[in-house]
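Reader: I am new to this structure and should be grateful for a close look at one part of its interior. Kindly choose a single residue and describe its surroundings step by step.

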Amino acid sequence: MGKKRVVVTGASSGIGAATVRLFREHGWDVVGVARRADRLETLARETGAAVFAADLTVQADVDALREYLAASGPVNALVNNAGGAKGLDSVEAGSIDDWAWMYEINVLALKRVTSALLPLLRASIAAEPDATAAARNVAAVSADIVNITSIAGHTAYAGGGGYNAAKFAAHALTEVLRLELSGEPIRVIEIAPGMVQTDEFGLVRFGGDAEKAKAAYTNVPHPLVAEDIAATIVAAVEMPAHVNVDLLVVKPVAQAAPHLVARGPLTPRA
């Protein structure tokens, strides 16, 4: 097969950028995709990854990405990481524009990219499995679709209405896709992070209010960081080809649920 190539969306910061770095450290060819070309170029210089600037809510940009990838090499894995949240308002008071934005980036962009790249993922799969794998009746080669959802797509919480709705939809899309691809050597993997402290997630959610973004993590012992989620993504993709990680929920120890986070030192009870 030679060196494999993975496409990572939302690659300009946070989990996406960390995932690009770790795949490169593991010897993969990587194409990082995001809107901000300047940040992508910095990441390319740092890691040696290829990059492609695209707004995944625009079909023409996704089509251009597909054509670029088809002309430049195989696509063995896709990490649908692009997403985000806006606001903590109630369902009654929430901004319909914020809800529409969350649905576009968390659900429709995921669908656009998956639809566009599935033919390329199929084309990357080797025609003939190796003899050892054939003798064991397991797949020698697989292609991978990794969807980064959230615990917000599994457990609702007050103030999360729009984000809950979008991530629940992304979770459902992932499960349906796995059913539709049954019988093909294509693994569909869902990684659902809990509290992850990154530079931008909170800023976007709170409209650029740095104090509100920082307060979410105040006195939380060891929230997850982007590199923690990148490690789970790479580990899932690098499992043997016959092993599928259907769903991996990843939270810091301090977080029992979206609405229940311990603040202060973690100590055993007497």
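Author: In this predicted model, a suitable starting point is Ile233, which touches Ile15, Thr19, Phe23, Val79, Val146, Ile148 and Ile191, leaving aside residues up to four places away in sequence. Ile233 also stands out in a wider setting: together with Phe23, Ile233 has the most contacts inside the largest nonpolar core, a group of 34 residues. The elements that give two or more residues to this core are the strands β1 (5-9), β2 (29-34), β4 (77-80), β5 (143-148) and β6 (186-193), along with the helices α1 (14-25), α2 (37-47) and α9 (226-237). Of these, α9 gives the most, with seven residues. A second core, separate from this one, has 28 residues, among them Ile105, Ala109, Val113 and Ile125.

The strands may now be considered together. They belong to an open sheet of seven strands with parallel pairing, in the order β3-β2-β1-β4-β5-β6-β9. At the edges lie β3 (50-53) and β9 (247-250), each of which pairs on one side only. On average, neighbouring strands of the sheet are turned by 15° against each other, direction ignored. Within the sheet, β1 and β4 run parallel and are joined by three bridges. Val79, one of the residues touched by Ile233, is the bridge partner in β4 of Val8.

Helices also pack on this sheet. Helix α3 (residues 59-72) touches β1, β2 and β3, and its direction makes about 155° with that of β3. Helix α6 (residues 161-180) touches β5 and β6, its direction making about 160° with that of β6.

Definitions and conventions:
Residues numbered from 1 in each chain as written. Predicted model: local features only at pLDDT ≥ 70, side-chain atom pairs only at ≥ 80, totals over all residues. Heavy atoms only, no water. Core = buried A, V, L, I, M, F, W, Y, C linked by side-chain atoms within 4.5 Å. Buried < 20%, exposed > 50% of the residue type's maximum accessible area, 1.4 Å probe, protein only. Helix = DSSP H or I, 4+ residues; strand = E, 2+ residues; numbered from the N terminus. Contact = heavy atoms within 4.5 Å. Pairing = 2+ DSSP bridges. Axes fitted to C-alpha atoms, helices over the stretch in contact; angles between N-to-C directions.
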